[in-house]
Structures are given as C-alpha cells and as structure tokens.
Amino acid sequence: MQTIVNPFINKDLEMEITQKEENGILFFTITGRLDADSSPEAEKVVHDALEGQTTRVLFDLASLEYLSSAGLRVLLSTAKEMRRRDGKFVLCSLNEFVKELFDVSGFQSLIPIADSVESGIEMLS
C-alpha cells in the first residue's frame, strides 16, 4: 500500500485540499469552500495530480461547506477527464447543501455519488 499525502491549505481562500494515493485510487478531500476564489488553485492541484496514469478518482466532500458554479466546474472537468481515460470517478459524503446543488443542476446523472467513502471505494472497484 502506497500513500502519498500532498496538502494544499490557503487560509485566505478558506479551503484545504488533501490528496493521497492508495491502492490505485487517487483520493481528494476538500474542506471549506470551493468557490470562485479557491477553484483556480483546486483545479491546479487536481490537474497536477492527474498527470500520471490515474484511472480511479474519489472526492471525499464530507467537510465541503460551500460549492459554487466555479467549484462545480472543477469536479465536472475531473469527471470528464476520467471518462476520456475510460476511468472511474465518484463523489462521496456530500452534505445536504452540496447534494441539493447536484440534484437541482441535474449533474447527479453525470457523476456517481456515494453516501460514504467506503461505498465510493466499492464503486471504483
């Protein structure tokens, strides 16, 4: 089992992204706000991590407090890249606000959503 932890923390942007790779799955945990101010840095962190041959990506959003359309674009572009690679992508542990955003936007039909990280890992197997 290999674990690589690469945290990005920006207190001004009120966002933290932690990245690790374990058992062939690239995990991202986002804490705080993923909005117009923080999404450019989030996009860079995710894009840099996807430079390898990764084909399985899991976002743990249990601690995501707010998601704007700019933040949604980061998630959608990651899903699109995984489809291009014939890979798998899942979002896990969405709070009610974020879950409602996906329901209203219709994006839940484009991106698999799991209730927990454990069930997300099963979806990626």
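Here is a short walk through the model, stop by stop, with something to select at each one.

**Before you click.** This is a predicted model, in which local features need pLDDT of at least 70 and side-chain atom pairs count only at pLDDT 80 or more, while totals for chains, interfaces and linings use all residues. Residues are numbered from 1 along each chain as its sequence is written, and side-chain values use heavy atoms, with hydrogens and water left out.

**The whole chain.** Switch to a cartoon view and find four helices and seven strands. Helices (H or I, at least four residues) and strands (E, at least two) are DSSP runs, numbered from the N terminus. Read from the N terminus, the order is β-β-β-α-β-β-α-β-α-β-α. Now colour by accessibility: 42% of the 125 residues are buried, where buried means under 20% relative accessible area, exposed over 50% and partly exposed in between, using a 1.4 Å probe and protein chains only. Of the contacts between residues at least 6 apart in sequence, 59% join residues at least 24 apart; a contact means heavy atoms within 4.5 Å.

**Strand β3.** Select residues 25-34, which is strand β3, and you'll see it is mostly covered, with seven of its 10 residues buried. Which strands pair with it? Pairing here asks for at least two DSSP bridges between two strands.

- Add residues 15-22 for β2, which runs antiparallel to β3 and is joined to it by eight bridges. Show I17 as sticks and look across to I30 in β3, which it stands opposite. Then go to the hairpin of β2 and β3: two residues lie between the strands, and N23 takes a positive phi near 55°.
- Add residues 56-60 for β4, which runs parallel to β3 with four bridges. Pick L26 and its bridge partner in β4, V57.
- Add residues 64-67 for β5, also joined to β3 in parallel, by three bridges. L34 is the residue to show here, with L67 of β5 opposite.

**Helices α1 and α2.** Next, select residues 39-49 (α1) and 69-84 (α2), whose axes come within 9 Å and cross at roughly 15°. That angle is why α1 counts as roughly parallel to α2. For the record, axes are lines fitted to C-alpha atoms, for helices over the stretch in contact, and angles run from 0 to 180 degrees between N-to-C directions. Under 35 degrees is roughly parallel, over 145 roughly antiparallel, 65 to 115 roughly perpendicular and the rest oblique.

Put sticks on the contact: S39, A42, E43 and V46 from α1, and A70, G71, R73, V74, S77 and T78 from α2. By class, that makes four nonpolar, four polar and two charged residues. Ala, Val, Leu, Ile, Met, Phe, Trp, Tyr, Cys and Pro count as nonpolar, Asp, Glu, Lys and Arg as charged, and the others, Gly among them, as polar.

Stay in α1 and pick V45. Is V45 buried or exposed? It counts as buried, at 10% relative accessibility. Draw a C-alpha to C-alpha distance from V45 to Q19: 8.6 Å in space, though they are 26 residues apart in sequence.

**Last stop, K99.** Jump to helix α3, residues 96-105, and select K99. K99 counts as partly exposed, at 28% relative accessibility. Leaving out residues up to four places away in sequence, K99 touches L94 and D115. For one more distance, try K99 to I113: their C-alpha atoms are separated by 8.9 Å, with the two residues 14 apart along the chain.
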